[in-house]
Amino acid sequence: MAFPILCVGSVALDTVETPFGQAKEALGGSATYFSYSASALAPVRLVAVVGEDFPQRHLALLRKRRVDLSGLQVVSGGRTFRWHGKFGDNLNEAVTLRTELNVFETFRPEIPSRFRDSPVVFLANIDPELQMEVLGQVKNPKIVLCDTMNLWIETKIASLRKLLRRVDVITLNEGEARLLTEKLNLASCAREILKMGPRRVVIKRGEYGATTFTKDNFFALPAYPLEEIEDPTGAGDTFAGGVVGELARLERFDEASFRRALVRGSVHASFVVEGFSLEGLKRATPGARSR
Ligand code: AMP
């Protein structure tokens, strides 16, 4: 048994350029990477929106992982969210070239009634106002985790701060942690973020791994050493999928479980960066990184 996970976030068509190639309108989105990754470990209930232009084969891929898509709205005549990003020599940080919100501009998340008592809630990266709307519809979750990005820190800081008062755990990358706190030192960033509400912060550091802080503990984990990276897009969401999936599988949220979950997240992320879109992750098999 494992706790089911409710996830809200973006389902996208991504155009991505890296030093090793490019992908055009490929399957992406924070909720997509998260769901695919977490569904290896626990049942996932997805709440998101796409347009009529969204290819059916992408939905089939998620269905095959038994991701419950009954909370996915398909807007007739609508255009799916699109993101265009680029990675330069620094593979740890994406540069956004263009964001087309499209169907997200009018999206109002509606949690199907049988999802409302989900014990684990993951608010993947989307507008913090939408993340908040989801929180307003769930009943007594055991744990709420969220992610965010620089765009929302820069444009919706008041809503984000309101959200942070309501979540147990936040995952964000190093650059975002610095932007949010206006501090440079990571331990200082973590201390500031803990003051904003969450009882745990997980800071993702790309090829340098991840570090988690609570008021009383910290734990740092290096990334799995890879020689070939093709596209880091989705690494953060895939990492979160591994972390939250493992916590849901264990049905525990104590310090030891979080440390174990971070290892799982790091292994999942190490697969996704080996290919564009979800290709690397699709190649993952149980035990493949166990040597
Ligand atoms: P990451 O795991 O941080 O690399 O996230 C990559 C994913 O975030 C991409 O697949 C994008 O589609 C998605 N994304 C980028 N910008 C936004 C945004 N403003 N809102 C929601 N999702 C986004």
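A residue counts as buried when its relative accessible area is under 20%, and as exposed when that area is over 50%. I start there because Phe-213, at 13% relative accessibility, falls under the first of those limits and counts as buried. Please keep in mind that this is a predicted model.

Let me stay with Phe-213 for a moment. Its partner is Phe-218, and the two form a stacked aromatic pair, with 6.0 Å from centre to centre and 25° between the planes. Phe-218 has a relative accessible area of 54%, so that residue is exposed. The pair therefore joins a buried ring, that of Phe-213, to an exposed one, that of Phe-218.

How many aromatic pairs does the structure hold? There are five. Another one of them is Phe-104 with Phe-107. Here the ring centres are 5.4 Å apart and the planes stand at 80°, which makes the pair edge-to-face, because planes over 60 degrees apart count as such. Phe-104 is buried at 8% relative accessibility, and Phe-107 is buried too, at 2%. These two residues also belong to an aromatic cluster, together with Phe-81.

Next, Thr-80. This residue sits in the loop that runs between β5 (68–75) and β6 (82–86). Is Thr-80 buried or exposed? Its relative accessibility is 0%, so Thr-80 counts as buried. What does its side chain reach? One contact is with the backbone nitrogen of Gly-51, at 2.9 Å. There is also a polar contact of 2.7 Å between the side chains of Thr-80 and Asp-53.

Now the ligand. It is surrounded by 17 residues, and the closest are Ser-10, Asp-14, Gly-29, Gly-234 and Asp-237. I will take three of these in turn. In the side chain of Ser-10, an N or O atom is 2.8 Å from a nitrogen atom of the ligand. Asp-14 places a polar side-chain atom 2.5 Å from an oxygen atom of the ligand. With Gly-29 the backbone is involved: one of its polar backbone atoms is 2.7 Å from a ligand oxygen. As for cover, the ligand taken alone exposes 510 Å², and the protein buries 89% of that area.

Which elements supply at least two residues each to the shell around the ligand? They are β2 (12–18), α4 (150–155) and α8 (235–250). Of the contributions to this shell, that of α8 is the most, at three residues. Sorted by class, the shell has eight nonpolar residues, seven polar ones and two charged ones.

Last, the cysteines. The structure holds zero disulfides. Cys-7 is in none, and the nearest cysteine sulfur, which belongs to Cys-146, is 12 Å away. A disulfide needs two cysteine sulfurs within 2.5 Å, so a separation of 12 Å does not qualify. Cys-7 has a relative accessible area of 0%, so this cysteine is buried. Cys-189 is likewise in no disulfide; its nearest cysteine sulfur is again that of Cys-146, at 16 Å. Cys-189 is buried as well, with a relative accessible area of 0%.

To recap: the protein buries 89% of the ligand's area, Thr-80 contacts both Gly-51 and Asp-53, and the structure has five aromatic pairs and zero disulfides.

How values were computed: Residues numbered from 1 in each chain as written. Predicted model: local features only at pLDDT ≥ 70, side-chain atom pairs only at ≥ 80, totals over all residues. Heavy atoms only, no water. Buried < 20%, exposed > 50% of the residue type's maximum accessible area, 1.4 Å probe, protein only. Near = heavy atom within 4 Å. Polar contact = N/O pair within 3.5 Å; in protein donor to acceptor, adjacent residues only side chain to side chain. Areas by Shrake-Rupley, 256 points an atom, 1.4 Å probe, with all protein chains shown as cover. Helix = DSSP H or I, 4+ residues; strand = E, 2+ residues; numbered from the N terminus. Nonpolar A, V, L, I, M, F, W, Y, C, P; charged D, E, K, R; others polar. Phe/Tyr/Trp six-rings, centres within 6.5 Å; stacked < 30°, edge-to-face > 60°.
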